[in-house]
Amino acid sequence: MMKRLVLIICIFGILAFSLSAQENASIKEMEGKVMLQEAGRDWVPAAVGATVSMGTTISTGFKASAVLDLGTSELFIKPLTSLTLKELTQAEGTVTTSLELNVGRVNAKVKTGETLTHDFKLRSSFSTAAVRGTEFDYDGERIAALVGTTLYYNLINQKRTLVAGNKSSTTGYQTPELAELEDIAVSLIFSGSPLLADTPSPSSVPEKVTEVPVTVALE
Amino acid sequence: MKKVFLLIITGCLLLSAFSLSAFDIGGAIDNQSAVELEGSTVEASFLQFDKLTLWLESDIGKNFYIGAQGSYTFSLTRYYLFDLELLKFRSEIPLPSANMFLSIDAGRFPVTDFTERVLSHPLDGLNLHMKFPFMNTTLFAGYSGLLFKEPSRIIMSKHDAADRLSNSVLLAPSRLIGMAEFDFFDLFLRQDLMLNYIIQWDFTPETDLTDETKGGKLNTHYIGLGLGGSPFTNFYYDAYGYLGLGTTLSYINGEYVDANILAWMAGASLRWYPEKKLYSRILLDFVIGSGDKDNYTFTEGNTYKMSTLFVPIAGTPRDTVFTPEVGNMMIGTLSYSLKPFAQLGTHGKYFQVEVQGVVYLRPTIGAISEDYNTASDSIYVGTEADLSLNYRPFSDFGVSLNGGVFIPNTLTGGVFLWETQRTVEAKIKLDFSLSF
């Protein structure tokens, strides 16, 4: 009786494991000096086709870049960027991708599939970008939505919905506002010292990455 | 001598090392030179304004911050003016696990309502800011009576205006101001909803008001509602309304009495950025403040029942030739700006041209904030055209040349009388700023 119970538990365990299969990413394209570091190991030079397993950190040098193939999504890693693949799994028709951007800038393309749904999260010390079927530029603090809709969160889960053409930013606890082009293109006139602007003090900038629960509710 | 020199050098090195590790310090120099032209015989007046600002900020521990800013201003009307513009202590309490962030500011700092039309002024006080996943809350209480009079823009009553002209008065009007603001962001269809309540108590001493001709107390409160967002790509809008309540000194049936205020202000702004067309921006802005047809003077001029003139505390000043208060005024602005040399490389993006047309009307035939023709029943006040050339090659340095012409309604029966009250006015202003 006991043996039968153990056998049933083992079968369910194997089934559950197979349902949430761990996926591997790979380097699709690269240019210049790109390095990989698996957790607890030394840095090694990357090559096209190299497998990037969970916990691996990818680093690009000056004038270097790489394209990371994540199966149903693609990440263009720009020069002087370091990021870690935290999770890449597929379970019950959902591909869960989680990356941590340590420094630098990336462009993410999340493809919309007919059978698969995406739970794609890109985190930094300041914010989280959560998307499903979209393309955006992200450097940890600033985001520019290029295609589709992106949900952009700060560290206390304050959300800003961005559509193509929208930009936003946060320093962690700052509410992500819609950055009008006025901020970039029009306001050329000096308006006094930075203290009179309602910017958060340096102490509000967090030092560590904080895990933020993210709910993706997009088509 | 050598010892003194060494001591100074050592002191400077220690100070610089200390400042590098503990403080951020900086400054700014702002210069404005302007020529105002008016009258049929063209009378010119020259305006000069120079301001040196120094600021300092530092973290004290992990969750405390201090910021200070002082300035020295030279102008032709006042040769020197020192001002403490900001002295802020901030304590921050981030609670990411509870999805909350609290901050408390104490000291002197700018306070603004969401429209910047009712309140946009430095004040001494306490501000509690709370952030939640769905909204931000601001609770503020402060006082204006410790600010210097010169840089203050709070002139709400007859007594405030008299103090402004008096050489014996050094400080700004005594007013206690409280504000509660709630910002529900990304609420629906990518819109933000703002709710605001502001209360202002006039703390002018009774002894200063014993003679009724010196004016009375003006107590006000405001209830505001606003909506803003970006319904389409590169298109933004704001729409808002304020209800103004309170009491004001009035002269009704031959005697001075305190009458109630029931006034309103509303506005909307549409902004479109066709970025690919030389970084263009098209702005359409409209604001209207209610007036009172039985007001013969702008401050405390009510002569019948309640006052319906909208009186804000101190909004952001307009950078135009004609700068009336929003009370009993309707202002429509259409502006277009572009960067004509944007395609010539990076430096071309630093140059911008802006043209603007402004139309001024008054909702009632009552008093406006400027000297006007009391016999006029016209609502058309005037038109202004402005041109602005801005060049900012570096984030720390910029030059701006602005010019504007205001054509008042001085026709027969117009709002202004020709020459005695107003003529065609022009202003050319050169502004450069450098921060370090």
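Which residues have the most contacts inside the largest nonpolar core? In this predicted model, the largest nonpolar core comprises 44 residues, and those with the most contacts inside it are Leu119(B) and Ile313(B). The elements that give two or more residues to this core are all strands of chain B, namely E5 (100–112), E8 (175–188), E11 (235–252), E12 (255–272), E13 (281–289), E14 (329–338) and E15 (351–361). Of these, E12(B) gives the most, with three residues. When residues up to four places away in sequence are left aside, Ile313(B) touches Val118(B), Leu119(B), His121(B), Ile154(B), Met156(B), Ile177(B) and Gln200(B), so that Leu119(B) appears among the contacts of Ile313(B). Apart from this core lies another, of 34 residues, which includes Ala25(A), Leu36(A), Ile58(A) and Val110(A).

Chain B, to which the residues named for the largest core belong, contains two helices and 18 strands. The C-alpha atoms of chain B fill a box of roughly 75 × 60 × 55 Å along the principal axes. For 436 residues, a compact globule would be expected to have a radius of gyration near 22 Å, and the value of 24 Å found for chain B agrees with this. Buried residues account for 35% of the 436 residues in chain B, and, among contacts between residues at least 6 apart in sequence, 58% join residues that are at least 24 apart.

Two loop residues of chain B have backbone angles that deserve mention. Most residues other than glycine have a negative phi. Leu278(B), in the loop between E12 and E13 of chain B, nevertheless has a positive phi, near 55 degrees. Glu300(B), which is placed in the loop between E13 and E14 of chain B, also has a positive phi, of about 50 degrees, although it is not a glycine. The surroundings of these residues can be described by the same count: Leu278(B) has 18 other C-beta atoms within 10 Å and is therefore partly exposed, whereas Glu300(B) has 24 other C-beta atoms within 10 Å and is therefore buried.

Chain A contains two helices and 19 strands, and buried residues make up 37% of its 219 residues. Among contacts in chain A between residues at least 6 apart in sequence, 44% join residues at least 24 apart. Nine of the strands form an open sheet with antiparallel pairing, in the order E5-E2-E7-E8-E11-E14-E15-E18-E19. The edges of this sheet are strand E5 (51–52) and strand E19 (177–178) of chain A, each of which pairs on one side only. At the E5(A) edge, strand E2 (residues 25–31) of chain A pairs with E5(A) in the antiparallel sense over two bridges, and Ala25(A) has Val52(A) as its bridge partner in E5(A). Ala25(A) is also one of the residues of the 34-residue core.

Further along the order of the sheet, strand E11 (residues 106–110) of chain A stands between E8 and E14. With strand E8 (residues 73–77) of chain A, E11(A) forms an antiparallel pair over five bridges, in which Phe76(A) has Asn107(A) as its bridge partner in E11(A). With strand E14 (residues 134–138) of chain A, E11(A) likewise pairs in the antiparallel sense over five bridges, and the bridge partner of Ala108(A) in E14(A) is Phe136(A). The two faces of E11(A) are unlike in their cover: Val106(A), Ala108(A) and Val110(A) form the covered face, while Asn107(A) and Lys109(A) form the uncovered one. Val110(A), on the covered face, is listed among the residues of the 34-residue core.

Leu99(A) lies in strand E10 (residues 94–103) of chain A and is buried, because 26 other C-beta atoms are found within 10 Å. Residues up to four places away in sequence not being counted, Leu99(A) touches Leu83(A), Thr84(A), Leu85(A), Lys86(A) and Leu122(A). Leu99(A) and Ser124(A), which are 25 residues apart in sequence, have C-alpha atoms that are 8.7 Å apart in space.

The confidence of the prediction has also to be considered for chain A. The average pLDDT of chain A is 75, and 70% of its residues score at least 70. Over residues 198–219 of chain A the pLDDT is below 50, although this stretch has 45 contacts in the model beyond near neighbours in sequence. Over residues 14–19 of chain A the pLDDT stays under 50 as well, and for this stretch the model has two contacts beyond four places in sequence. Where pLDDT is low, the predicted coordinates should not be read in detail.

Notes: Residues numbered from 1 in each chain as written. Chains lettered and ligands numbered in written order. Predicted model: local features only at pLDDT ≥ 70, side-chain atom pairs only at ≥ 80, totals over all residues. Pairing = 2+ DSSP bridges. Helix = DSSP H or I, 4+ residues; strand = E, 2+ residues; numbered from the N terminus. Buried ≥ 20, exposed ≤ 12 C-beta atoms within 10 Å, placed from the backbone. Contact = placed C-beta atoms within 7 Å. pLDDT = per-residue confidence, 0-100. Core = buried A, V, L, I, M, F, W, Y, C linked by C-beta atoms within 7 Å. Rg over C-alpha atoms; globule rule 2.2 N^0.38 Å.
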